[in-house]
Amino acid sequence: MNIKFNFNPAELEKKIRKEATNQLKKKTFNVSCPKCSTNVSAVVGKNTCPNCGSEIDFKLNGNL
């Protein structure tokens with residue numbers, strides 16, 4: 001019995017990277033406020049330091 005299927009490694013990699021990025025966007029990360037150095041639990045995007053009110057624009061860097 002022979003079974004044939006189409007497998008596109010590039011498409012699989014693209015989907016894995018997209019899902020990994022989506023999951024990371026849901027997480028919180030511990031970062032330091034650039035103004036007062038308070039530890040802040042931040043999500044990807046705009047955050048506000050609870051100590052000094054400074055805006056923290058947290059971005060993921062790297063190649064996913």
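In the hairpin of β3 and β4, which residue takes a positive phi?

1. G53 is that residue, with a phi near 80 degrees, in a hairpin that places six residues between its two strands. The model is a predicted one, in which local features need pLDDT of at least 70 and side-chain atom pairs count only at pLDDT 80 or more, whereas totals for chains, interfaces and linings use all residues. Residues are numbered from 1 along each chain as its sequence is written, and side-chain values use heavy atoms, with hydrogens and water left out.

2. Strands β3 (residues 45-48) and β4 (residues 55-58) are antiparallel and pair through four bridges. Helices (H or I, at least four residues) and strands (E, at least two) are DSSP runs numbered from the N terminus, and two strands pair if DSSP finds at least two bridges between them. Within this hairpin, T48 stands opposite E55 of β4.

3. The hairpin of β1 and β2 can be set beside it. Here too six residues lie between the strands, and S37 is the residue that takes a positive phi, near 70 degrees. Strand β1 covers residues 29-32 and strand β2 residues 39-42; these two run antiparallel and are joined by four bridges, with F29 having A42 of β2 as its bridge partner.

4. The faces of β2 and β4 deserve a comment. In a regular strand the side chains alternate between the two faces of the sheet. In β2, V40 and A42 form the covered face, while N39 and S41 form the uncovered one; in β4, the covered face is made by I56 and F58 and the uncovered face by E55 and D57.

5. N47, a residue of β3, is worth inspecting in detail. N47 counts as buried because its relative accessibility is 9% (buried is under 20% relative accessible area, exposed over 50%, and partly exposed in between, for a 1.4 Å probe and protein chains only). Its side chain reaches the backbone oxygen of V43 at 2.8 Å. Once neighbours within four places in sequence are set aside, N47 is in contact (heavy atoms within 4.5 Å) with S41, A42, S54, E55, I56 and F58. Of these partners, I56 and F58 belong to the covered face of β4, whereas E55 belongs to the uncovered face.

6. S54, one of the contacts of N47, is placed in the loop between β3 and β4. Although a loop residue, S54 is classed as buried because its relative accessible area is 17%. With neighbours within four places in sequence left aside, S54 is in contact with C33, K35, N47, T48 and C49, and T48 is also the residue that stands opposite E55 in β4.

7. V31 lies in strand β1 and is likewise buried, because its relative accessibility is 15%. Not counting residues up to four places away in sequence, V31 touches T38, N39, V40, A42 and F58; among them, V40 and A42 are on the covered face of β2, and F58 is on the covered face of β4. The C-alpha atoms of V31 and A42 are separated by 6.6 Å, with the two residues 11 apart along the chain. F58 and A42 also appear among the contacts of N47.

8. On charged pairs, a search of the whole structure finds four salt bridges, a salt bridge being a side-chain nitrogen of Lys or Arg within 4 Å of a carboxyl oxygen of Asp or Glu. One of them joins the side chains of E13 and R17 at 2.7 Å, N to O. These two residues are separated by about one helical turn, because they lie four residues apart in helix α1, which spans residues 9-26. Both are partly exposed, E13 at 41% relative accessibility and R17 with a relative accessible area of 33%.

9. Salt bridges also link K46, E55, D57 and K59 in a network. Within it, the closest N and O atoms of E55 and K46 are 3.5 Å apart, and the side chains of K59 and D57 meet at 3.8 Å, N to O. E55 and D57 make up the uncovered face of β4. E55 is exposed at 53% relative accessibility, as is K46 with a relative accessible area of 58% and K59 at 56% relative accessibility, whereas D57 is partly exposed, with a relative accessible area of 39%.

Terms used. Polar contact = N/O pair within 3.5 Å; in protein donor to acceptor, adjacent residues only side chain to side chain.
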